[in-house]
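Welcome to a short set of exercises on side-chain contacts. Take a look at the sequence and the model, then work through the tasks at your own pace.

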Amino acid sequence: MSYNFKTIHPVMPAKDMINVILSKTQRKTPTVVHPGYDISRIRGFYMRKVKFTQETIHEKIDAILQDFPKLDDIHPFYADLINVLYDKDHYKLALGHVHACRNVIDNIAKDYCRLLKYGDSLYRCKMLKRAALGRMCTTLKKLTSSLNYLDEVRKHLSRMPAINPFERTLLVTGFPNVGKSSFVNNITNANLDVQPYPFTTQNLYVGHTDYNFVRWQVIDTPGVLDHSLSERNPIEMQAITALAHLKACIMFFLDISETCSYSIDQQITLFKDLKPLFKNKPLLLVMTKIDIKKFEQLDPIDQQKLQDVIQSENVFYSQLSNKSGEGIAIVKEKACNLLNEWRQNLKPEQLTGGNPNLLREESILQGVYIAQPKRVNQNRVPVIPQVIGKLNRPTLKDIQEQNGGAGVFNFPLQEHFVLDNPDWKYDAVPEIMDGKNIGDFVDADILQRLEELEREEEMMDQAEIEDPEEDAREQMLLNTRDQVNKKREMIKDEHHMKMKQQVKLHQPKLEDAKEDFAKKGIDTTFLEQRAQKFAAKKALQKQKRQQQSSDDSDDNDMELEGTQRKGRGDALSRSRSRLREISRSRSRGNKKVLTAQEQAMERMSKKIQRRRRNEAKAGDGDTKIDCKMPKHLFTGKSGIGKQSRR
């Protein structure tokens with residue numbers, strides 16, 4: 001089970017948290033209350049704001065408390081590591097301070113909600129709400145130092161490597177600058193910083209490798225010096241914590257060349273001091289930098305000391321060189337086999353810490369046997385067929401090198417074409433467009449013909465001589481064109497003059513009609529009576545229209561006089577209403593029958609008038625302020641100083 005501390009959310013400073021909570025209260029709760037409301041409604045309005053603020057603060061603090069790990073619930077390795085890096089007591093005090101403030105804010109909200117039940121006016125309820133929110137914000141301000149500390153802890157925890165305490169682990173330890181990080185880089189995909197000075201590694205780093213189809217994690221620890229536990233700094237204590245709590249194969253690196261600035265005696269002393277941390281764990285003593293000095297080249301005294309340590313402590317040992325790569329694979333294989341043998345003697349519950357998923361995986365892996373084929377150690381030389389050996393022609397690779405090498409020479413693929421006629425191999429591949437071969441439409445002699453045309457044009461340019469008859473002919477054509485254009489303009493002008501003349505139709509008169517009918521012997525008495533009747537009717541209609549227009553003009557004049565002289569209100573209004581009734585009755589009784597053209601003109605005039613009437617009027621896009629001074633904002637008592645609308 002690995003712990004992912006990168007999921008911890010950032011901790012807001014106290015001031016930012018107060019601004020977020022108050023703005024959320026303003027947005028999520030009602031903001032309008034009137035003194036005319038019932039007192040129970042006013043109490044509920046302000047109680048809702050207090051309760052909402054308390055619930056929001058409770059949610060924020062709960063998220064902080066749940067995100068940060070509890071030292072009693074996590075693996076002892078992480079608990080001790082947090083104690084080394086941040087001081088367990090300080091960490092618990094910060095979380096306890098946040099938890100206590102949450103309870104204080106809950107009690108404040110409870111007390112003020114109880115007081116709001118007895119508020120007898122809007123002003124008193126508002127002041128109680130204001131006091132409640134103020135005390136909550138003051139309590140949050142007291143968390144400034146604790147929240148800042150927890151945010152720094154979160155940043156550091158997010159940078160810690162994800163170490164799984166129950167996974168197969170190789171733990172590398174030893175003095176500084178003995179080759180630990182170089183070994184981890186060689187066997188894993190890690191890319192650790194390697195420098196020729198001590199304490200390059202100041203934190204725990206993790207790399208992963210595969211062995212026997214299983215994933216292994218390799219942990220690189222900071223260098224440890226030879227002094228008492230109380231004198232070790234936090235960098236060294238990280239390595240001590242990993243050695244104490246992780247069930248891993250311990251690989252103690254010992255520099256036999258002494259180029260790490262520490263003698264073999266000092267390294268042996270450190271090995272013996274750390275021996276209690278190696279108890280009940282597989283241990284491998286690794287002698288490094290054998291490319292500088294091998295074990296056989298050491299002094300007999302140093303060799304004897306190392307032999308005594310190996311025999312007395314009953315540990316396995318191996319040698320390697322990170323620079324030349326000698327012995328790296330052997331050391332890795334030996335360490336993995338030691339850990340596998342040690343894990344087989346433990347119960348699955350001890351290896352997995354009770355995690356059901358890891359327990360099921362471990363039980364399956366312990367029951368699986370991977371069979372490996374027996375390999376015969378023999379030198380296998382490359383086999384070349386006899387047919388190829390007898391050929392005395394150069395290979396394609398030789399041809400490529402002779403013609404410029406890779407990237408320059410292209411292999412002739414046509415050599416391997418199998419066609420009916422071998423002479424077709426190097427023919428040009430036809431280009432097909434719209435189902436037709438382009439080669440069928442290409443003239444092979446096109447370049448020669450172009451040259452002939454160019455020569456012919458050059459000869460014509462040289463032989464060209466000015467001809468006076470040709471110039472005279474061109475001048476005559478230009479004169480003819482001018483005459484034609486003038487004649488065309490004259491015809492157009494005559495046509496325009498004819499169109500401007502208006503054709504007046506002859507209207508026959510009544511006397512002419514009588515003479516025509518008398519010549520033909522027709523009695524015209526009935527027709528004369530009928531014509532006189534229509535003429536009288538037409539004259540009467542004309543007279544009525546003139547009278548109606550005069551009445552309307554009188555009405556307009558009287559209205560203008562009434563607006564200018566307001567003193568005559570009663571008499572003028574009575575006379576104006578009487579005249580309007582007369583004009584309306586006349587217009588209703590004698591409605592003129594309009595032609596289609598007149599009706600269209602009337603509709604057009606109404607549309608134009610309507611467009612003009614709509615100008616300078618307020619529309620949907622104009623700003624409307626129904627009430628310039630809302631009563632709920634300009635009534636009630638006003639305090640001294642700045643007014644808080646929250």
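Below are three exercises, each with a worked solution.

This is a predicted model, in which local features need pLDDT of at least 70 and side-chain atom pairs count only at pLDDT 80 or more, while totals for chains, interfaces and linings use all residues. Residues are numbered from 1 along each chain as its sequence is written, and side-chain values use heavy atoms, with hydrogens and water left out.

**Exercise 1. Classify the ring pair of Phe271 and Phe278.**

Step 1: A pair of aromatic rings is described by the distance of the centres and the angle of the planes.

Step 2: Rings of Phe, Tyr and Trp (its six-membered ring) pair if their centres lie within 6.5 Å; planes under 30 degrees apart are stacked, over 60 edge-to-face, and the rest tilted.

Step 3: The centres of Phe271 and Phe278 are 5.8 Å apart and their planes make 45 degrees, giving a tilted pair.

Step 4: Both of these residues, Phe271 and Phe278, are buried (buried is under 20% relative accessible area, exposed over 50%, partly exposed in between, with a 1.4 Å probe and protein chains only).

Step 5: Searching the whole structure gives nine aromatic pairs. Phe5, Phe77 and Tyr78 form one aromatic cluster.

**Exercise 2. Find the salt-bridge partner of Arg154 and place both residues in the fold.**

Step 1: A salt bridge needs a side-chain nitrogen of Lys or Arg within 4 Å of a carboxyl oxygen of Asp or Glu.

Step 2: The partner is Asp151, with 3.0 Å between the closest N and O atoms.

Step 3: Arg154 and Asp151 both belong to helix 6 (residues 144–158) and are three residues apart, about one turn of the helix. Helices (H or I, at least four residues) and strands (E, at least two) are DSSP runs numbered from the N terminus.

Step 4: Arg154 and Asp151 are both buried.

Step 5: Now widen the view: a network of salt bridges links Asp151, Glu152, Arg154 and Lys155. The structure holds 10 salt bridges.

**Exercise 3. Which parts does the salt bridge of Asp265 and Lys305 tie together?**

Step 1: The side chains of Asp265 and Lys305 meet at 2.6 Å, N to O.

Step 2: Asp265 lies in helix 9 (residues 264–273) and Lys305 in helix 10 (residues 300–313), so the pair ties together parts that are 40 residues apart in sequence.

Step 3: Asp265 has a relative accessible area of 35%, so Asp265 is partly exposed. Lys305, at 30%, also counts as partly exposed.
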